[in-house]
Amino acid sequence: MYSRIAGTGSYLPEKILTNKDLEALVDTDDAWIRDRTGIVERRIAAEGQTTCDLAEQAARAALAASGLAPSDIDLLIVGTTTPDVVFPSTACLLQQRLGMGECGAFDINAACTGFIYGLSVADQFIRAGTVKRVLVVGAETLTRMLDWSDRSTCVLFGDGAGAAVLVADQEPGILSTHIHANGGYSHLLKVDVGVSRGFKAEPRGGLSVQMVGNEVFKVAVNTLGRIVDETLEANQLGQGDLDWLVPHQANLRIIKATAKKLQMSMDQVIVTVDRHGNTSAASVPLALDEAVRSGRIKRGDRLLLEAFGGGFTWGSALVVF
Ligand code: ACO
């Protein structure tokens, strides 16, 4: 038994924040941001618009594409580091919004790797025969916890959501998923505030993304290089056997390094970082949905999805679409 992607969906908030807009906020410039990250603009959730609001739009689009109703879903997984509230989980809020009945529903916090982790868990449930239809969502409002005076982080992130409906099928489907983490790197990329530490009556409750960007960059390039090897080896495939790379959209230079490692031309790489920025757990499903809807990714194509994020966490999925 395999899990097959029956439909994808995504949603981006309307408000666009350009690099030029950021020049008015911090000591930065459009040329630096484009050159060092590939980002030109990003979307920002409207006031009052929550992660669950974004997730709902993406989920409805994915369900429509799959031809399934919310009540057909057996399990709901949401990858997010920016839940609406501590609990109920965003998955529980979304389940109620969609009118899904009483299927299992939970969030996964694996930072930017949240969607890949969700895909991996969903795939295990389907392969085990426990469930037949899973909705996996990656949704974030990361811009809510940015320090807008810190140029080294505030230029990088955006808000959005993406989703995929997985169904049990005799035909592949997801061929393999691979997930890893190393908590020893937590000091390089973190939001250091939670219920036991650091709550403040300051702006954003003291929440702010802190990152040692150049160190994260080096580990990301190295680690993603290793996980693409691991994924190809597990499936006894070579570098020429992939149709598309659907990478996490953090930085165009990291994406190019992974494509180079795979000897793939940039024509075979889905890039949205220029328009979305880094939307964390939403970035891979957003890129996937955009490529599916534009007709670039077609049924039967072989895709490598990968992500790297805070934790550190990283993961990949090899998928026949
Ligand atoms: N505008 C202008 N200058 C800037 C800006 C900015 N927005 N930000 C930093 N600089 C300056 C720095 O102050 C530094 O100046 P200095 O040399 O005078 O000290 C200079 O630019 C170079 O800084 P670096 O940090 O070394 O720049 P780098 O080329 O590494 O690019 C970046 C920074 C874009 C953050 C890059 O390191 C990166 O993309 N890192 C990885 C991000 C990532 O993948 N995160 C994982 C996912 S996120 C998650 O999980 C939540």
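## Helix packing, ligand surroundings and a polar pair

In this predicted model, the axes of helix H7 (residues 213-234) and helix H8 (residues 252-261) come within 10 Å and cross at roughly 30°. Because angles under 35 degrees count as roughly parallel, H7 is roughly parallel to H8. The crossing of these two helices is right-handed. On the H7 side, the contact is formed by Phe217, Ala220, Val221, Leu224, Gly225, Val228 and Asp229. Helix H8 contributes Arg253, Ile254, Ala257, Thr258 and Lys261. Sorted by class, the contact of H7 with H8 holds seven nonpolar, two polar and three charged residues.

A second helix pair is formed by H3 (residues 51-66) and H4 (residues 90-98), which pack at an angle of about 55° with their axes 10 Å apart. H3 and H4 are therefore oblique to each other. Their crossing is right-handed. From H3, the residues in contact are Thr51, Cys52, Asp53, Ala55, Glu56, Ala59, Arg60 and Leu63. Those from H4 are Thr90, Leu93, Leu94, Arg97 and Leu98. The residues of this contact between H3 and H4 comprise seven nonpolar, two polar and four charged.

The ligand has 27 residues around it, and of these Thr28, Arg36, Cys112, Asn251 and Gly310 come nearest. Polar atoms of Trp32, Arg151 and Gly213 also lie at short listed distances from ligand oxygen atoms, as tabulated below.

| Residue | Polar atom of the residue | Distance to a ligand oxygen atom |
|---|---|---|
| Trp32 | side chain | 3.4 Å |
| Arg151 | side chain | 2.9 Å |
| Gly213 | backbone | 2.9 Å |

For Trp32 and Arg151, the polar atom belongs to the side chain, whereas for Gly213 the backbone supplies the polar atom. Residue 213 is also where the range of helix H7 (residues 213-234) begins.

Elsewhere in the model, Asp169 is found in strand S7 (residues 160-169). The side chain of Asp169 is joined to that of Arg4 by a polar contact of 2.5 Å. When neighbours within four places in sequence are left aside, Asp169 is in contact with Met1, Tyr2 and Arg4. Arg4 thus appears in the contact list of Asp169 and is the partner in the polar contact between side chains.

Notes:
Residues numbered from 1 in each chain as written. Predicted model: local features only at pLDDT ≥ 70, side-chain atom pairs only at ≥ 80, totals over all residues. Heavy atoms only, no water. Axes fitted to C-alpha atoms, helices over the stretch in contact; angles between N-to-C directions. Helix = DSSP H or I, 4+ residues; strand = E, 2+ residues; numbered from the N terminus. Parallel < 35°, antiparallel > 145°, perpendicular 65-115°, else oblique. Left-handed = near helix turned anticlockwise from the far one by under 90°. Contact = heavy atoms within 4.5 Å. Nonpolar A, V, L, I, M, F, W, Y, C, P; charged D, E, K, R; others polar. Near = heavy atom within 4 Å. Polar contact = N/O pair within 3.5 Å; in protein donor to acceptor, adjacent residues only side chain to side chain.
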